[in-house]
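Please look through the structure shown below before turning to the report. The text moves from the overall layout to particular sites.

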Amino acid sequence: MSADKYYTLAEGCPFASSSTAVLMRNRQGTGGLGLLQDTQLIETLAHFSRERIPERVVHAKAIGAYGVFEAEADCSDITSASFLNKAGKKSPVLLRVSTVGPESGSADTSRDVHGWGMKIYTDEGNLDWVFNNTPVFFIRDPIKFPSMNRSHKRHPRSHLPDANMFWDFHVGNPEGIHQLLVLFSDRGTPRSVRFLNSYSGHTYKFTKEDGSFKYIKIHMKTQQGVKNFTREEATKIAGEDPDYMIRDMFEAIERKEYPSWDVFVQVMEPSEAETYRWNIFDMTKVWPHKDFPLRKIGKMTLNQNPNNYFADIEQASFSPSTMVPGFSASADPVLQARLFAYPDAARYRLGVNYQQLPTNAAKVPVYCPFERDGKMRFDGNYGGDPNYVNSSLQPTKYYPEVKGVSPQSLALHTEHEKWVGEVSTYTSHITDDDFVQPAELWDILGREPGHQERVIENLVGSVREVKSPNLRNEVYALFGRVNQDLGAKLKQATEAAIGK
Ligand code: NDP
């Protein structure tokens, strides 16, 4: 605190003490009656009651930090994105990593998917990468998103996490089997943010100014190596230090041990998508590496803790709809729904002017005079500039004329929406195909001694809580479709555990 700073009320009035209420003294001089004129007391209490903003309905428990994204190479052959057009080009970054289901005060070593909200403050506006630490997802139809999340949270009557409804949802919506297998593997309990990978999951597009595009998936691989807790370790730490993951990363950055991730893309031509083995808009599927190898595009390093958690991290909002020229959405229906739902959540949680909050604000000049007013407008609100489009009195200037470049540079997101309809035939219907990639993952887990056994133990810990024998049998059958041996062993171990 600087030497010339002194305490005032929130309205600026200098005040002698911040810890004394104004009372009308009693005769003994030992106390007295409170007065409504005590602005300081009333404001202090009233502000305290309003300190909390709505907690995120998902992704409430989090840690965040600032850092830098550095482009690995000139990627202008595949995208016009400015932050990727020169090797070594640096853009500031904000990262927020969270569990999904549990509340803000919950243990961060709980078995859960971990969300990865990353804002790249590029020189052409902000790009949000709203990823997970898993390459696939539980659903592929966005209408199921609220149901899926509720089934992972608390029971409406008991207010307890409930394995019955968790497994009831997943047996009824078995397209999540690939993600379930990841969740109950060691990667369901990562050792820390520093030791997990993150994946776009969705297919996105890299676009170019000539109107062409390529489909991409993004992978961020930890340079610290993937490390996980066992179920026993995660449970013990949840009791001893429920904020373990926050502490681990905060302290590492304070020690100047800066964690970093290599950033890769898989790149697919639109024509390849039309005949590809897998529907690229189905986020329960990956693109196998042998078909689409990883190409390195950059590196991300975290190097600064937040100055204030609420201002920097809690007020941060991330949305896949926050994009820059050269980067675009695909027709994945879950992604399309998220493009609406995430900014809508920010408007509810933070208000309609959430983009102006310092942590969310672009680091380039913003001129968006056709979004005006609203609660908590705290810039100049564009003064007297026209608040309607196509004014002849004060015409709006656009990028090409200001920058002196070709009008083609106007080809931002909208010029690239030439979707390939043939690959978008889309269904929630389950087929044997849905079990092919999980079966491959099961085999991959088998290459690491003890991992398959740990998956079964992790599943037993949850499935044994299911009261209905019929529902348990359905869970065994679901995993049996991945691998018969897995289904049989899960049944045997779970029923034995229940019998004890
Ligand atoms: P590869 O045979 O080329 O590589 C093995 C993959 O297994 C690696 O990508 C590794 O992920 C992943 N893996 C290892 N342990 C786990 C785990 N506990 N949970 C999730 N993934 C794990 O893979 P393919 O591309 O041929 O795909 C085979 C299977 O690997 C897929 O069905 C999918 O389940 C999984 N996978 C595939 C990814 C992809 O984009 N192709 C990405 C991640 C997983 P990583 O390299 O990221 O550490």
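The sections that follow describe the domains, the core, the surroundings of the ligand and some selected residues.

## Model and domains

The structure is a predicted model, and its local features are considered where pLDDT is at least 70. The domain assignment divides the protein chain into domain 1 (15–51), domain 2 (62–142 + 177–349) and domain 3 (435–499). Between the centres of domain 1 and domain 2, taken over C-alpha atoms, the separation is 48 Å.

An unreviewed UniProt entry carries the annotation "domain: Catalase core" for residues 8–397. Over residues 8–397 the chain is 22% helix and 21% strand, with the end C-alpha atoms lying 43 Å apart.

## The largest nonpolar core

The largest nonpolar core holds 87 residues, and Val 93 and Leu 181 are those with the most contacts inside it. Strand β3 (residues 62–71) is the element that gives the most to this core, contributing 6 residues. Because domain 2 (62–142 + 177–349) and domain 3 (435–499) both give residues to this core, it lies between them. In soluble globular proteins, nonpolar side chains tend to be buried together.

When residues up to four places away in sequence are left out, Leu 181 touches Pro 438, Leu 441, Trp 442 and Val 482.

## The shell around the ligand

Which residues come nearest to the ligand? Of the 17 residues around it, these are Ser 185, Val 286, His 289, Gln 437 and Leu 441. Leu 441 is also one of the residues that Leu 181 touches. Helix α11 (residues 436–446) supplies the largest share of the shell around the ligand, with 5 residues.

Sorted by class, this shell comprises 9 nonpolar, 4 polar and 4 charged residues. Domain 2 (62–142 + 177–349) and domain 3 (435–499) both give residues to the shell around the ligand, so it lies between them.

## The annotated active-site positions

In an unreviewed entry, UniProt places the feature "active site" at His 59 and Asn 132. These positions span 74 residues in sequence, yet no two of their C-alpha atoms are more than 10.8 Å apart, so they gather at one spot.

His 59 is found in the loop between α1 (39–49) and β3, and it counts as buried because it has 25 C-beta neighbours inside 10 Å, where the cut-off for a buried residue is 20 or more. Not counting residues up to four places away in sequence, His 59 touches Ser 98, Val 100 and Gly 115.

Asn 132, by contrast with a loop position, belongs to strand β6 (residues 125–132), and Asn 132 is buried, with 24 other C-beta atoms within 10 Å. Leaving out residues up to four places away in sequence, Asn 132 touches Val 113, His 114, Gly 115, Trp 116, Ser 198, Tyr 199 and Gly 201. Gly 115 is thus touched by both His 59 and Asn 132.

## Thr 99 and its contacts

Is Thr 99, a residue of strand β4 (residues 90–99), buried or exposed? With 23 C-beta neighbours inside 10 Å, Thr 99 counts as buried.

Thr 99 and Asp 112 are 13 residues apart in sequence, while their C-alpha atoms are 6.1 Å apart in space. Apart from residues up to four places away in sequence, Thr 99 touches Lys 61, Ser 106, Asp 108, Ser 110, Asp 112 and His 114. His 114 appears among the contacts of Asn 132 as well.

Methods: Residues are numbered from 1 along each chain as its sequence is written. This is a predicted model: local features need pLDDT of at least 70, side-chain atom pairs count only at pLDDT 80 or more; totals for chains, interfaces and linings use all residues. A nonpolar core is a set of buried Ala, Val, Leu, Ile, Met, Phe, Trp, Tyr and Cys residues joined through C-beta atoms within 7 Å. A residue is buried if 20 or more other C-beta atoms lie within 10 Å of its own, exposed if 12 or fewer, and partly exposed in between; C-beta atoms are placed from the backbone. Helices (H or I, at least four residues) and strands (E, at least two) are DSSP runs, numbered from the N terminus. Domain bounds come from an automatic or database domain assignment. Two residues are in contact if their C-beta atoms, placed from the backbone, lie within 7 Å. UniProt positions are given in the numbering used here, feature names are shortened, and annotations may be inferred rather than shown by experiment. A residue is near a molecule or strand if its C-beta atom, placed from the backbone, lies within 6 Å of it. Ala, Val, Leu, Ile, Met, Phe, Trp, Tyr, Cys and Pro count as nonpolar, Asp, Glu, Lys and Arg as charged, and the others, Gly among them, as polar.
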